[in-house]
Amino acid sequence: MWNPLNDHGTSHVSIVDTDQNVVSITNTVNAFFGSKVMSPRTGIVLNNEMDEFSMPTNNTSGDTPPPAPSNFIRPGKRPLSSMTPTIVLKDGELKAVVGASGGANIFAGTTQVFLNHFALGMDPLSSVMAPRVYHQLIPNVVMYENWTSVTGDHFEVPATIRSDLQEKGLVLQVSLGATVSQFILQNFDDLKRNRELVAVSDPRKGGFPAGF
């Protein structure tokens, strides 16, 4: 495999069933193969989510900002997480389900797919296929997609956009893959009698939607 995705052992699934039950779930073992320990009884690979906590004298994860007291280890606490499973409702009815994998870039990936459709009016497939940019604030670098997936799809932020960003004084750096999104959109008429589900699995990871 070339251009491997740095997805940190995370997966996201968006699901809608015939009864309108909805699931948007992101799960992770954090790093590749988690803690690199497998339970001999269950065969489950144990996660290393403790790495997501901040420590006063050390920042052990490349995906977290500098140590913050609010993310220090305490009994009963959950560590900082970039998981962003999202369910969108309109007038109490399901409109969309979206989420992504991709470490600390999940926020940006999920938001861009959402805005591509609901703000820019792009169709579901184009919303997912559109090249993405990422900025974690720390470091002060804009990462932009310019790579080809193993399935042959090419993702590249247009040169005009890159030029505009540079004119604003931003530092740009190529990202060889980042987030992988799963997007389901539900369309229905005014009387909500006719419903249509459109599902898109991000080709960045070779996925495809399944339905029955």
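Just over the halfway mark, 51% of the contacts in this protein with a separation of 6 or more join residues 24 or more positions apart, where contact means heavy atoms within 4.5 Å. This is a predicted model, so local features need pLDDT of at least 70 and side-chain atom pairs count only at pLDDT 80 or more, while totals for chains, interfaces and linings use all residues. Residues are numbered from 1 along each chain as its sequence is written, and side-chain values use heavy atoms, with hydrogens and water left out.

**Overall build**

- The protein has three helices and 10 strands, taken as DSSP runs numbered from the N terminus (helices are H or I with at least four residues, strands are E with at least two).
- Going along the sequence, the order is β-β-β-β-α-α-β-β-β-α-β-β-β.
- Of the 212 residues, 36% are buried; buried means under 20% relative accessible area, exposed means over 50%, and partly exposed sits in between (1.4 Å probe, protein chains only).
- About 12,400 Å² of the protein is exposed, and carbon and sulfur atoms supply 59% of that area. Areas come from the Shrake-Rupley method with a 1.4 Å probe, and for residues only the protein chains shown count as cover.

**The second largest pocket**

- This pocket has a volume of about 470 Å³. Here a pocket is an open set of points on a 1 Å grid over the protein atoms alone, where a 1.4 Å probe fits, with protein on both sides within 12 Å along at least five of seven lines. Grid points are joined across faces, edges and corners, and the volume is the space filled by probe spheres set on the points.
- Its lining runs to 19 residues, and S14, V16, I184, A210 and G211 are the ones nearest the centre. To count as lining, a residue needs an atom within 4 Å of a point.
- Three elements give two or more residues each to that lining: β1 (10–16), β9 (180–188) and β10 (195–201). The largest share, five residues, is from β1.
- By type, the lining splits into 12 nonpolar, six polar and one charged residue. Nonpolar covers Ala, Val, Leu, Ile, Met, Phe, Trp, Tyr, Cys and Pro; charged covers Asp, Glu, Lys and Arg; the others, Gly among them, are polar.

**Salt bridges**

- The whole structure contains five salt bridges, each being a side-chain nitrogen of Lys or Arg within 4 Å of a carboxyl oxygen of Asp or Glu.
- R195 pairs with E93, with the closest N and O atoms 3.1 Å apart. That ties strand β10, home of R195, to E93 in strand β4 (residues 93–101), 102 residues apart. R195 is partly exposed, at 36% relative accessible area.
- E145 bridges to R204, with 2.9 Å between the closest N and O atoms. E145 sits in strand β6 (residues 142–148) and R204 in the segment after β10, so the pair links parts of the chain 59 residues apart. Both E145 and R204 are buried.
- These two belong to a salt-bridge network made up of R132, E145, D202 and R204.
- R162 and E156 also meet through their side chains, at 3.5 Å from N to O. R162 counts as buried because its relative accessible area is 17%, whereas E156 is partly exposed at 34%.

**Buried spots with far-off partners in sequence**

- S175 is in strand β8 (residues 172–175), and its 6% relative accessibility is why it counts as buried. Setting aside residues up to four places away in sequence, S175 touches M143, Y144, E145, N146 and W147.
- N105 lies in the loop between β4 and α1 (106–118) and is buried at 17% relative accessibility. Beyond its neighbours within four places in sequence, N105 contacts Y134, Q136, A178 and T179.
- G102 is found in the loop between β4 and α1, buried with a relative accessible area of 2%. Its C-alpha is 4.3 Å from that of T179, although G102 and T179 are 77 residues apart along the chain.

**Backbone oddities**

- N30 has a positive phi of about 85° and is not a glycine. N30 sits in the loop between β2 (22–28) and β3 (86–90), and it is buried at 10% relative accessible area.
- F33 is another non-glycine residue with positive phi, near 60°. F33 lies in the loop between β2 and β3, and this residue is exposed, with a relative accessible area of 63%.
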